[in-house]
Amino acid sequence: MAETLEVALRQRGPIPLDARLSVAGGELVALVGPSGAGKTSVLRAIAGLLAPEEGRIACGGAVWFDGARGLALAPQRRAVGLVFQSYALFPHLTALGNIAIAMGARPAAEREDRARLLLDLVHLGGLDGRYPRELSGGQQQRVALARALARDPKVLLLDEPFAAVDQVTRRKLQRELTALRRKLAVPILLVTHDLEEAAILADRMVIIHRGRTLQDGRPRDVLRRPVSPLVARLTDQRNLFEGRIEAAGSETRLRWGGLLLEIAPRPEFPAGTPVAWTIAPSDAILHSRHRPSQGERENPVEGSIGEVLRLGETALVTIAPHAAPGAILTIALSEHVVDRNALAPGEPIKVSLVASAIHLMGRDGPAEPD
Amino acid sequence: MMDWTALRLSLELAAWTAALLVPLGIVAGRALAHRRFAAKSLIEALIAMPLVLPPTVLGFYLLAVMGREAPFGRAFEAAFGQPLAFTFAGLVAASLIANIPFAVQPIQRAFEAIEPEIREAAWTSGLSPLRAFLEIELPLAWRGIAGGVVLVFAHTLGEFGVVLMIGGAIPGETRTAAIAIYDRVQAFDDAAAGALSAALLAIAFIATAVLFALGRPLRERRRG
Amino acid sequence: MRLRLILTFFGVTLLASTAQAFTVAAASDLQHALPEIEAARGLPPGARAKFVFGSSGTLYRQIVQGAPFEVFLSADEALAEQLIDQRRADAPGLVYAVGRLALMIGAARRLELQDPKTALASPQIKRLAIANPEHAPYGRAAMETLGRLGLAEVFRGRLLLGENVSQAARFVLDGGAEAGLVALSIAFAAGDKARHVVMPATLHAPIRQRLVLIKGAGADARAFAAFMASKEAMRVLARHGFERPGS
């Protein structure tokens, strides 16, 4: 019966924190942010390696930390499994030994049997006797994971678990983790700076910056609908622009340079409000050269092509819109569309921006994530 | 003619000093490795003092504390019925102080060399602080600890100034091999001095060899 | 089982006082004579005296600091008397010998030793070893001798001070000094490694060597002290260059 992890932390220093998140049983939540954002601190606080000034950490009914009551359980007394970024395997113990030692007070034979089961679970069966220095990075990571699971933890914490391995191994480990979590029913909190990884693995994403949790939602929602320009920059949103809401008759439009774009109206941004806005690169539709444009296409934007970046099967095309000088619009197209339309730098291009995909945000807050 | 008594005294002094300093070295070395506190630099400097002090200075101050007229010496005599200075017990006491840096520093380095994350991994794997210390830290630090023991042992064998001032070179009681060598040289007995010197040289050589063997990294040896 | 034996052994060593033999503090010039005298007593090893040699001044200080010596053979009578005055030693003690000073040079050196005064003035002697006059009676006698010969200024800055008179002799043998003013008994003991000539006794105050029993000395120590007055002991001392007291 898996329980929900609830975390609320606050402190002024030495590392400022103002974080709030929760992870339900069976859910995998990615905590995402740039280096130094405080993600590892949040993880350490949950594990009991750091005691914040204020806050509360509880898993189901068990309260592990409560600043108000002065309660802070030692890591040994919290049912957590933590995979360190550097794995932190015990160098003087074998793979089996590393896992068995985490199994608490049980007879040695029983611990070893269960440890062997865990090794099989992470596809390392047969490597019991190897020492950490004799294992590859990917193998070490799996041992670290198995060790974290040895305690039957109620919460699994992973600190950038795939950062230290090569691309191919990373993909493999990510697939294994996805397969593994179906078997585990515990809340899993994964810390990463890799947006793509978070998007692939997580049910939900939490964006953290300078110790503050800024947005919490499904990856698709966070990436498509960032709550502020800061989050947009943190999530590497390519198309981030400024504009102003204008009234056009009975409707509201978005003024962007010389263009008036149709948008899905939002009551919190009345006419006259300066706004920031984003649109996903894939939500722009190319006007084909060989077919004449149809006048009803929404939000037409004309410009000239800056670059064509080929990324395997897709390509990113940057456009300098004539009506919004200085801005660079990036659209994503499949490679064969790029070829078929002979898109090349310097060529004129026309695209339509899907009105419902234009996401508005307030301009307040720092725009630079530094 | 080999002065076996003097050699035995030297070995006993070295053994007692090493045995008593190891627990102290582990407690102090570990505390210094893991903690950060305001007076830490001061304490580390104090611990290092016997390394830089001339042995006679150390002997002078120790005698001022341990002599029969001094408060500590008097207290000891009252408690145990015999004085501290000019006895083997006094030598052990002086040797303990003179060897503190040789015990604490290597052990401190050994514990410092253990990455903090390893200890944290032990705690988050459910090990109590005591189990983490016994099953994770000690096995990883044992080389440094053993190195400290050998260093203390070897250094004590060579102690001269402090031993002479505190002990008074009494045969069978405080005249260690190092003192005996000096004594035999003064008595024009070069043969006896040579025999004792050769014995100490051999022991020192063995000690250095052991120290170097301990220093070899884990990687180079296959562990069963 | 073995561990317990070892521990017990160590325990005995650590806290037991050596109850069997007794310790005698003796001036360095007796380094070679005393073992011979003690051997002449013919006692089993467990009952023999243990000797600690050093300069009389250093030994005196150690006794004052509580060193467990039971007999003190001082080369400086005044120190023995001070111990008596301080009630640390039993009166009256015994003047067991009078020491003589000798000029000693390494065997390999060519220096005429017929006339000690001329020899001392030789330019071949660049450095002269003596015992430290601050706490060694032979050192004091050496300084007195140099003074009476008018050579004190000549040797200023060229003296090699030994911690005791044995060490001064060692300096000569090892080549640290070309010559030394040391105890005659030590010059004798150097055998053919050195040559020497006796310095006239008129050049310094007599080196009267007195033995005292420290308070609390046991029967074994007293027996030894008594033996020091015997004819046999006197014969050994004479062989080593000491003179009879009163002569």
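Helices here are DSSP runs of at least four residues, numbered from the N terminus. With that in hand, chain B of this predicted model is easy to read: from the N terminus on, its elements run α-α-α-α-α-α-α-α-α-α. That makes ten helices and zero strands in chain B. Measuring along the principal axes, the C-alpha trace of chain B spans about 65 × 45 × 30 Å. Chain B has 224 residues, and 45% of them are buried. Contacts that reach along the sequence are well represented too: if one takes the contacts in chain B between residues at least 6 apart in sequence, 73% join residues at least 24 apart.

One backbone detail in chain B deserves a look. B:Phe86 sits in the loop between helix H4 (71-80) and helix H5 (88-112) of chain B. Its phi is near 65°, a positive value in a residue other than glycine. Although B:Phe86 belongs to a loop, B:Phe86 counts as buried because 28 C-beta neighbours fall inside 10 Å, and the cut-off for buried is 20 or more.

Chain C offers a counterpart. C:Arg87 is placed in the loop between helix H4 (77-85) and E4 of chain C, and its phi, near 60°, is again a positive value in a residue other than glycine. The surroundings are another matter: C:Arg87 has 9 other C-beta atoms within 10 Å and is therefore exposed, the limit for that class being 12 or fewer. A little further on, in strand E4 (residues 89-99) of chain C, comes C:Pro92. The peptide bond that joins C:Ala91 and C:Pro92 is cis, with omega at about -10°.

Chain C also holds an open sheet of five strands, in the order E7-E6-E8-E5-E9, with mixed pairing. At the edges are strand E7 (159-162) and strand E9 (194-198) of chain C, each of which pairs on one side only. Direction ignored, neighbouring strands of the sheet are turned by 30° against each other on average. As a general point, the strands of a sheet pair through backbone hydrogen bonds, either parallel or antiparallel. Strand E5 (residues 101-106) and strand E8 (residues 179-183) of chain C go the antiparallel way, over five bridges. One of the residues involved is C:Leu103, whose bridge partner in E8(C) is C:Leu181. Lying across this set of strands is helix H7 (residues 165-174) of chain C, which covers E5, strand E6 (128-131), E7, E8 and E9 and runs at about 150° to E8(C).

Chain A, for its part, is divided into domain 1 (5-234) and domain 2 (240-361). Taken over C-alpha atoms, the centres of these two domains of chain A are 39 Å apart. The contact between them takes eight residues from domain 1 of chain A and six residues from domain 2 of chain A. On the domain 1 side, helix H8 (residues 229-234) of chain A gives the most, with three residues. By class, that same side of domain 1 has four nonpolar, one polar and three charged residues.

As for how the chains meet, there are two pairs of chains in contact, and chains B and C share the most contacts. Chain A and chain C do not touch, and 30 Å separate their nearest C-alpha atoms.

Key: Residues are numbered from 1 along each chain as its sequence is written. Chains are lettered from A and ligands numbered from 1 in the order in which they are written. This is a predicted model: local features need pLDDT of at least 70, side-chain atom pairs count only at pLDDT 80 or more; totals for chains, interfaces and linings use all residues. Domain bounds come from an automatic or database domain assignment. Two residues are in contact if their C-beta atoms, placed from the backbone, lie within 7 Å. Helices (H or I, at least four residues) and strands (E, at least two) are DSSP runs, numbered from the N terminus. Ala, Val, Leu, Ile, Met, Phe, Trp, Tyr, Cys and Pro count as nonpolar, Asp, Glu, Lys and Arg as charged, and the others, Gly among them, as polar. Two strands pair if DSSP finds at least two bridges between them. Axes are lines fitted to C-alpha atoms, for helices over the stretch in contact, and angles run from 0 to 180 degrees between N-to-C directions.
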